[in-house]
Every structure is written in C-alpha cells, then in structure tokens.
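I am opening a fresh page for this chain. The plan is to go through strands, charge pairs, surface and backbone, and to write down what I find.

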Amino acid sequence: MNKFKYILGALLITSVYACKKDNPEELTFNVSTSKAEYNVADSVEFNIEGYADVIGFYSGESGKEYRFRNRLEANDAKVFLDISTQVLNASQRNNLSLWYSTDFTKVYTPEGIQNSTWTDITSRFTLAPDGGTAASAVVPSGKIDITDLVVLGKPIFFGFKYVAQNSPTAGTGGRTWRVPVFNLTSEFPGGTSSLANVTDALWTAVDVKNPANKWIIQATTPFLYFAPNSTLTESEDWAITRDIFTNKVNPDKGVGIKAYIDKIKNYKYKFSTPGTYTVTFVGKNGLNGNVKEVVRELTVTVK
C-alpha cells in the first residue's frame with residue numbers, strides 16, 4: 001500500500017512539473033510615461049518595467065493601430081482614381097475613353113467584353129487635350145471620387161477603350177495615347193490603401209478590330225500606351241485590368257522593439273504630427289509552443 005502511494009505521488013509530482021515546464025511564465029512587464037502631453041518636436045520616452053520575452057509596439061498613428069491589426073476589409077471606404085494621359089501624332093479626335101464593369105467574367109476576348117456590362121466614365125476625368133498634331137503635355141486628372149461605382153462584394157474592372165475611324169492618310173488617322181499614371185486608392189477611418197497602379201493592375205490587351213493595332217503594356221514609362229501601326233483602317237482595342245476588390249485593406253502593423261535575448265528599460269518614439277494617440281505595447285512569453293500575452297495601452301497627446 002505504501003509503495004502504491006509512493007508511485008502515485010511520484011506520478012503526480014512529475015505531472016505537475018511537466019505542466020509547469022510546458023507553460024510560459026506569467027508576464028510582469030508594464031509601461032508608463034513621465035507625462036501625458038508632449039510637443040511635436042519631443043521624443044516620447046516610454047519606461048518599461050518587469051519582463052516579457054518579446055515586445056511589439058503600435059504607435060497609434062494611421063496604419064499603426066493595434067485595433068486594426070487583423071482588419072482585411074473596410075466597408076466604409078472612399079475610393080479614388082487618379083490618372084494621367086498624353087496624346088500625340090496624327091489628328092483624329094476622341095480615340096480614348098475609360099470604362100468600368102462590376103460583372104466582367106474575366107474572359108479577355110471580344111465576346112467576353114460584349115457579354116458584360118460596361119459603363120463609360122470618361123467625363124469624370126480630364127484627359128490630355130485632343131486637338132492638333134503636336135504632342136500634349138502629360139495631363140493629370142486629379143484624384144476623383146468613384147465610390148458610387150463600387151458594388152460591395154463584387155470586384156471592379158477598368159478598361160481603356162481605343163477607337164479609331166477609317167482615314168485616307170496616316171496624318172488624319174488615330175492618335176497615339178499614353179497612360180503613365182493609374183492610381184486607385186481607398187481611404188477609410190484610420191488609413192489609406194493602394195488598390196492598384198498602372199504597373200500592377202495586370203492589364204490585358206484585347207483586340208476587337210484591326211489586329212495590326214494593340215495596347216502595349218511595359219515595365220518602364222509610359223507603362224501603358226496605344227501607338228497604332230495601322231491608321232487607315234478602323235480600330236477598336238481594349239486594355240482591361242485584373243479584378244480589383246475595393247474594400248480590401250492592409251492590416252495595420254506594429255514593430256518589434258524587443259527580442260527574446262534583448263534587455264530593454266525604455267523606448268523612445270517621435271511623432272511627426274500633432275494628435276492624440278492610443279499607443280499599444282504587446283508583450284509575449286512563449287514556451288514549447290504555448291504563448292501568454294499581455295496588452296498595455298497608453299494615451300499620448302502631441303501638440
């Protein structure tokens with residue numbers, strides 16, 4: 001009987017020891033500042049006491065807020081499009097227009113375009129002046145609010161459509177158009193996200209009429225352009241983007257200020273803009289795949 005008790009006791013001790021061995025130590029770290037208000041020229045010094053294996057820092061500035069660390073979508077975003085264009089050579093007018101669709105099926109063919117609903121939004125933008133034969137300057141449209149085009153849960157596609165008419169001479173034919181800038185962004189509480197630009201919109205050229213002509217997509221400026229090889233015969237050609245989800249946003253990010261082997265007693269950070277910030281420190285202890293976490297938040301006012 002005594003032998004049985006001894007064995008049982010030894011097993012219990014071993015079990016408790018193993019449990020402790022697999023669980024990280026409790027976190028004891030804390031953070032404080034000497035005052036709550038600072039001037040914009042000051043560096044805020046955060047005093048760190050106690051211990052944590054690793055510590056992460058979120059300043060509370062746009063794109064660096066702890067509360068948005070897992071955010072992937074923002075349904076209250078405003079969507080803006082900014083383009084720049086240039087036109088040159090020949091003299092035919094009204095060759096270029098900009099369209100959008102929310103039901104394009106990603107079939108990049110003339111039939112795919114025809115079987116989808118496309119809406120002309122050219123009038124919302126300022127294109128390069130389409131007159132004469134000389135090269136225009138590169139003309140920016142400015143940042144245009146297109147939030148009303150968005151259908152939640154559906155991607156949006158944009159297409160530059162080039163149309164030229166029959167012409168008796170090259171000089172009176174379709175002109176060359178360049179699109180060096182195409183920036184689609186969303187703005188939402190707490191941040192801004194780049195949705196697409198002229199180089200990562202993954203343009204696909206679709207020839208509808210006149211196979212001698214086609215949109216050119218390249219990695220160097222002007223990035224996207226249409227320079228007709230045949231200006232005597234009518235032409236229709238599209239350059240269409242990938243599917244773009246306008247409510248997609250990048251999660252806010254913090255920075256690591258302490259690794260496991262580091263020792264840290266304070267951390268200094270300088271805010272560039274006045275405001276009231278919720279500053280967050282995240283401490284973690286880990287052992288054998290188990291993690292304990294503590295979040296410490298402070299409010300800092302910068303004037």
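How many bridges join strand β6 to β7, and in which sense do the two strands run? I looked it up: two bridges join β6 (residues 96–101) to β7, and the strands run antiparallel. I am working with a predicted model.

**Entry: the five-strand sheet**

I followed the pairing outward. β6 and β7 belong to an open sheet of five strands, in the order β7-β6-β10-β16-β13. The pairing in this sheet is antiparallel. β7 (119–120) and β13 (204–209) stand at the edges, each with a single partner strand, so one side of each has no neighbour in the sheet. I also checked the register between β6 and β7. Trp99 stands opposite Asp120 in β7.

**Entry: β3 and its partners**

Next I took strand β3 (residues 44–49). I found three bridges between β1 (residues 30–32) and β3, in antiparallel orientation. Val31 has Ile48 of β3 as its bridge partner. β3 also pairs with β18, again in the antiparallel sense, over four bridges. There I noted Asn47 opposite Asn266 of β18.

Which residues of β3 make up the covered face, and which the uncovered one? Val44, Phe46 and Ile48 form the covered face. Glu45, Asn47 and Glu49 form the uncovered face. In a regular strand, side chains alternate between the two faces of the sheet. I put the two registers beside the faces. Ile48, the partner of Val31, sits on the covered face. Asn47, which stands opposite Asn266, sits on the uncovered face.

**Entry: salt bridges**

I counted charge pairs next. The total is 13 salt bridges. I wrote up three of them.

The first is Glu37 with Lys303, at 2.8 Å from N to O. Glu37 lies in strand β2 (residues 37–38) and Lys303 in the segment after β20, so the pair ties together parts that are 266 residues apart in sequence. I checked accessibility as well. Glu37 is partly exposed at 42%, and Lys303 is exposed at 53%.

The second is Arg71 with Asp252, whose closest N and O atoms are 3.9 Å apart. The cut-off is 4 Å, so I keep this pair. Arg71 lies in the loop between β4 (54–58) and β5 (78–88), and Asp252 in the loop between β16 (235–240) and β17; the pair therefore ties together parts that are 181 residues apart in sequence. Are these two residues buried or exposed? Arg71 has 14% relative accessibility and counts as buried. Asp252 is buried too, with 6%.

The third is Lys209 with Glu234, at 3.7 Å from N to O. Lys209 lies in strand β13 and Glu234 in the loop between β15 (224–226) and β16, so the pair ties together parts that are 25 residues apart in sequence. Lys209 is partly exposed at 37%. Glu234 is partly exposed at 33%. I noted that β13, the strand of Lys209, is one of the edge strands of the open sheet.

**Entry: surface**

I then searched for nonpolar surface. Tyr51, Val54, Tyr260 and Ile261 make a nonpolar patch of about 440 Å². Ile261 is in the loop between β17 (255–258) and β18 (266–269). With 74% relative accessibility, Ile261 counts as exposed.

I looked at Gly289 as well. Gly289 lies in the loop between β19 (275–287) and β20 (290–302). Its relative accessible area is 76%, so Gly289 counts as exposed. What is the C-alpha distance between Gly289 and Asn23? I get 8.9 Å, for a pair 266 residues apart in sequence.

**Entry: backbone**

I kept the backbone check for the end. Most residues other than glycine have a negative phi, and most peptide bonds are trans. I listed departures from that.

- The peptide bond from Thr221 to Pro222 is cis, with omega near 10 degrees. Pro222 lies in the loop between β14 (216–217) and β15.
- Asn94 has a positive phi, near 60 degrees. Asn94 sits in the loop between β5 and β6 and is exposed at 68%.
- Lys106 has a positive phi of about 65 degrees. Lys106 is in the loop between β6 and α2 (110–114) and counts as partly exposed at 46%.

Methods
Residues are numbered from 1 along each chain as its sequence is written. This is a predicted model: local features need pLDDT of at least 70, side-chain atom pairs count only at pLDDT 80 or more; totals for chains, interfaces and linings use all residues. Side-chain values use heavy atoms; hydrogens and water are left out. Patches are made of residues with over 30% relative accessible area and no salt bridge: like charges are joined within 9 Å, nonpolar side chains (Val, Leu, Ile, Met, Phe, Trp, Tyr) within 5 Å. Accessible areas come from the Shrake-Rupley method with a 1.4 Å probe; for residues, only the protein chains shown count as cover. A salt bridge is a side-chain nitrogen of Lys or Arg within 4 Å of a carboxyl oxygen of Asp or Glu. Buried means under 20% relative accessible area, exposed over 50%, partly exposed in between (1.4 Å probe, protein chains only). Two strands pair if DSSP finds at least two bridges between them.
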